[in-house]
Amino acid sequence: MNFTISFLSTPAVLLGIVAFVGLVAQKKTGTEVLTGTFKTIIGFMVFSAGGGLMTGALQNFNKLFQTGFNIVGVVASPEATTAMAQTEYALVTSCTLILGFVMNLVFARITPMKNIFFTTGHSLFFACVLSLIIKSFGISDIMAILLGGTILGFCSAALPQLCQPFMRKITGSDETAIGHFNMIGYALSGYIGKLFSKYENKSTEDINFPKWLSFFRDFLMGVAVIMLGLFYLSALKAGRDVTQELAGTTHWLVFPMVQAFTFTAGMSILMTGVRMFLAEITAAFVSISERFIPNSRPALDVPTVFPYAPTAVIVGFLSAYAAGLIGVFVMVIFKFPVVIIPAAHICFFSGGTAGVFGNSTGGWRGAVAGSFVIGLLLAFLPTVLYPIYGSMGLEGSTFPNIDYNVIGILLEKILSIFN
């Protein structure tokens, strides 16, 4: 059981096995099989390493920003909530994850929804959401696993389908799908972008910056400058003592610069890894698709679309984060029972991706508007299910992702009717 759970929770190994099977099916030589398999695993690990650097830097930014601006509430971070849930509901969550992957293959085989979900971290989070909601109604472990696994498998195959018309427009092909449980939001961002199609549809990538802002034409330079500004604003607002505690042996005024450049380096590493493993897995997946699940496609994590519109990623991040902060003020003013604080790393990956989708149909206006709406949904949707998690002993954090909350709210309402 531990081996299976670890296997399904390690996407680099899982994708490596897929590449191996695909290359063997193509009757490649031993050297070609080994090279393709290793490149897939290494490329994904490079990709993950870049994402890890970015997430670590953004978590430090969260602490500085919340302290500096005295924002108190619940941080919307699925990692923390899943860690808490695993103490008491580990068996149900783990078995739901395994059954969900199996059911994903079944649904991809027997339905027109040919998407195979490979972002296993997100699958684990979703398995946790489903398990918590179902168990809150006192349902037995076996029934919770069967119901949760079936829902997880269905959503893994079905939700990427919502985004596929926009994925074809973004990537220029139908070979890959998006695999990140904000897919209802990404599709919504694409449709919001269409509302701006009557205007001059200038892409974020075609913006003509003034001469003094010409460095923004270099994506990494633009990222570095924006993150420098955000980190120094937060550090100066938080003050010397708080920043120095986070900085350790690094001087507190040097720390923001190091973190901003760490984030930028992480972005560069991530995009290198994306290019490396995506080429291998796409080629290998063709054989698997032809032999076992005809016309299927891998649903991969969101940074796979970043290279197609990198400026839209930054626009989307800033717009979604601004929406989240506005959400905080609205919740405080109207005295919500819980105030959801936007996590910068969630807003970056989810808002940035929403920006790419909005940009694909509505240019820079679509990127701004689409990601702003997604930022509001990331802020307000978790307030609905948070009381359930709190009643089960999980307080202080929650699941922000749109798909978790939309499906979770529907599931809770249906179970309430039958209970």
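**Salt bridges, cores and a small sheet**

Lys-135 and Asp-141 are joined through their side chains by a salt bridge, with an N to O distance of 2.7 Å. The model in which this pair appears is a predicted one. Asp-141 has a relative accessible area of 33% and is therefore classed as partly exposed. Side chains of opposite charge can pair when their charged atoms come close.

A search of the whole structure yields four salt bridges. Another of these pairs links Asp-174 with Arg-168, whose closest N and O atoms lie 3.2 Å apart. Both partners are partly exposed: Asp-174 has a relative accessibility of 32%, and Arg-168 one of 38%. This pair belongs to a network of salt bridges that connects Arg-168, Asp-174 and Arg-297. Glu-412 and Lys-413 also meet through their side chains in a salt bridge, at 3.8 Å from N to O. Glu-412 counts as buried because its relative accessibility is 17%, and the buried class covers values under 20%.

From the charged pairs, the description turns to the nonpolar interior. In soluble globular proteins, nonpolar side chains tend to be buried together. The largest nonpolar core of this model holds 115 residues, and the members that touch the most others are Phe-126, Leu-132, Phe-181, Phe-306 and Phe-348. Helix α12, spanning residues 344–380, makes the greatest contribution to this core, with 11 residues. A second, separate core has five residues, among them Met-103, Phe-107, Met-113 and Ala-158.

The surroundings of Phe-348 can be followed in detail. When neighbours within four places in sequence are set aside, Phe-348 is in contact with Met-54, Leu-58, Phe-263, Met-267, Phe-306, Val-313, Ile-314, Phe-317 and Thr-353. Phe-306, one of these partners, is itself named among the core members that touch the most others.

Nonpolar side chains also occur at the surface. Val-13, Ile-17, Phe-20, Val-21, Val-24 and Phe-292 make a nonpolar surface patch of about 480 Å². Val-21 lies in helix α2, which covers residues 11–25. With a relative accessible area of 32%, Val-21 is partly exposed, and so it passes the threshold for patch residues, which is over 30%.

The last element considered is a sheet. Three strands form an open sheet in the order β5-β1-β6, and their pairing is parallel. β5 (340–341) and β6 (397–398) are the edge strands, each pairing on one side only. Strand β1, residues 74–76, pairs with β5 in the parallel sense over two bridges. Within this pairing, Val-74 has Ile-340 of β5 as its bridge partner.

Definitions and conventions:
Residues numbered from 1 in each chain as written. Predicted model: local features only at pLDDT ≥ 70, side-chain atom pairs only at ≥ 80, totals over all residues. Heavy atoms only, no water. Pairing = 2+ DSSP bridges. Helix = DSSP H or I, 4+ residues; strand = E, 2+ residues; numbered from the N terminus. Core = buried A, V, L, I, M, F, W, Y, C linked by side-chain atoms within 4.5 Å. Buried < 20%, exposed > 50% of the residue type's maximum accessible area, 1.4 Å probe, protein only. Contact = heavy atoms within 4.5 Å. Patch = residues over 30% accessible without salt bridge, like charges linked within 9 Å, V, L, I, M, F, W, Y side chains within 5 Å. Areas by Shrake-Rupley, 256 points an atom, 1.4 Å probe, with all protein chains shown as cover.
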